[in-house]
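The following exercises ask the reader to work through a structural model step by step. Each task is followed by its solution.

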Amino acid sequence: MKVANKSTSAVSLVKSALEKIEKYKDKNIFTFINQENALKKAEEIDKKIRNGEQVGRLAGVPYALKDNFLSTEGETTASAKILTGLNSPINSTCAEKLEKEGAIMVARTNLDAFAHGSSTENSFFGPTKNAYDDSRVAGGSSGGSAVAVALDCVEFATGTDTGGSIRQPASFNGVFGIKPTYGTISRYGVVAMASSTDVVGFFSKSASDLDLLMSIASGRDSKDQTSLPDFYGTSDFSLEKKKIGLIKEFVESPALNPEIKSAFDEKVSLFKSKGYEIVELSLPALEYALAAYYIIQPAEVASNLSRYDGIRYAYRTKNLKDESSPEKSPLDLLFSNTRSEGFMRENKRRIMIGNFVLSSGFYDAYFLKAAKARTLIIKEFEKAFEKVDAILSPVAPNPAFKLGEKVDDPVSMYLEDVMSVPVNLAGLPAVAFPAGFTSENNKDYKTPVPLGLQLIGPRRSDKNLIALAGEIV
Amino acid sequence: MNISEKEIDHLAELSNLSLEKDEKKALEKDLQNIFKYISKLNELDTENVEPTYQVFEMENVWRKDEILPQDADREALLALSKEQEDNQIKVPKVL
């Protein structure tokens, strides 16, 4: 990526980013543009460079922050009405680490409200459009971040990945995306969705940029109990077996788009030509990962989103009347009306499913059953990684779908996550990378759209995955 | 599995949501479809399998018992609420 130095000023980097942000306004990528502050910070960096002072590894690099990272610059909304008006007094640890190295946040990006979705259509601010085709979705939930990087508005962007929210939009827009090992990067100052799978990660234009960002952002944070001591900075690229696995159940799935299948086969050949052995694996429990995920994740969502009540911050309803429930006090109505007006339909679905699977009488049949399925999924991955260094897999069964195509059919939307969620349930790292485009003569995709694949590895193999992705792109 | 209107009302109450009639109908259908999908899990044999609730390698971390500086002070946090009085957040009548 381009970093400010004696010949390239930070101001020119930031200005060029702001121009592109303006140019692609109709794509609805951003929720906030940080023009004034960004230029001021750029001037300070240029001054330091002129004075011969030390500047960081990301000096003057414009980046975009997914709008579920708390920031003192502009409102933080997570693209949800219920958080509108929130001027956070704190910054996320991740953004602080980036800014310490000189990176400059130029804009914040659109997402499905509270990261609930796979298309960025569930945003209070409307959908973000695909980088290559305005009639198609950006993917989600980090759709804005993926499109911002794909259209070169910024050098990189942050994201969160609870069930595929970095990898799927990365693949829909032809950029790199990393979902790190659970706990690698601090989640302090990031709006919680499902705490047992939420991770912070990045979008970039190259594998080497991902490597740099990971080495800056990783590490233990006393403000996040689930953050791991830094392993990324101390790990080297090393493959014991030189073996790459493929998951038979995914590759042979009738739901897999033929264009993705041929992009996959191409990479398999490329790995072979580079001396890697390809090993076919069977992971039958993965078929149940999506069902388990849509129990565990809503359960955690229901708990995490119970805090939004309109009392302490952000949106508060003005409607304190409800003729149909005369027994409710004005305070009760403030809670329930704030939540009903402030959440999107998809947020409500997940909160209600979560409360259902956790309620007495249903807990054993749903939540406990899903937690047991999770164990089986983890064990199958562990066994697989005794045989191979990494697994090559599609990210999603299809390339970017049409806007509106799945938005009223939650199950078909959830099925887009079928190949990404197993990774989250097991806490594993995965890197999504670009793998070409749909072909010119494909009638289903008149405008060719990007294809993406992912490499999945055992815990703490993030560095290997980034290096492997770099080798075959 | 069938989800009745009564169950939707109960879930809305547990979720602290007040739903319009149309919304209730739509959610009834959505939740029905979602539960139909997740009941697929019943096919999976989980006999004698221990549940997993988190994938973090828990390990005790010690620190000194001292007050560390906070990122936001009392005033900044209070200022986030819509109404304040005497250094407290003001809410509508409780009873």
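**Exercise 1. Determine which strands helix α15 of chain A lies across, and describe the sheet of eleven strands.**

Step 1. Helix α15 (residues 462-472) of chain A lies across β5 (176-179), β7 (243-247), β9 (390-394), β10 (430-437) and β11 (450-456) of chain A. Its direction is at about 10 degrees to β10(A), where axes are lines fitted to C-alpha atoms, for helices over the stretch in contact (heavy atoms within 4.5 Å), and angles run from 0 to 180 degrees between N-to-C directions. Helices (H or I, at least four residues) and strands (E, at least two) are DSSP runs numbered from the N terminus.

Step 2. The model is predicted: local features need pLDDT of at least 70 and side-chain atom pairs count only at pLDDT 80 or more, while totals for chains, interfaces and linings use all residues. Residues are numbered from 1 along each chain as its sequence is written, chains are lettered from A and ligands numbered from 1 in the order in which they are written, and side-chain values use heavy atoms, with hydrogens and water left out.

Step 3. In chain A, eleven strands form an open sheet with mixed pairing, in the order β1-β3-β2-β4-β6-β5-β10-β11-β9-β7-β8; two strands pair if DSSP finds at least two bridges between them. The edge strands, each pairing on one side only, are β1 (30-33) and β8 (277-281) of chain A. On average, neighbouring strands of this sheet are turned by 30 degrees against each other, direction ignored.

Step 4. Within chain A, strands β4 (residues 156-160) and β6 (residues 200-204) run antiparallel and are joined by five bridges. The bridge partner of A157(A) in β6(A) is F203(A).

**Exercise 2. Explain what the salt bridge between D152(A) and K205(A) ties together.**

Step 1. A salt bridge is a side-chain nitrogen of Lys or Arg within 4 Å of a carboxyl oxygen of Asp or Glu. In D152(A) and K205(A), the closest N and O atoms are 2.2 Å apart.

Step 2. D152(A) lies in the loop between α4 (143-150) and β4 of chain A, and K205(A) in the loop between β6 and α6 (207-217) of chain A, so the pair ties together parts that are 53 residues apart in sequence.

**Exercise 3. Locate the cis peptide bond at S141(A) and the positive phi of R460(A).**

Step 1. Most residues other than glycine have a negative phi, and most peptide bonds are trans.

Step 2. G140(A) and S141(A) are joined by a cis peptide bond with omega of about 10 degrees. S141(A) lies in the loop between β3 (104-109) and α4 of chain A.

Step 3. R460(A), although not a glycine, has a positive phi of about 70 degrees. R460(A) is found in the loop between β11 and α15 of chain A.

**Exercise 4. Characterise the contact between chain A and chain B.**

Step 1. Chain A gives 72 residues to the contact and chain B gives 52 residues.

Step 2. Across this interface the rule finds six salt bridges. The side chains of E23(B) and R345(A) meet in a salt bridge at 3.7 Å, N to O.
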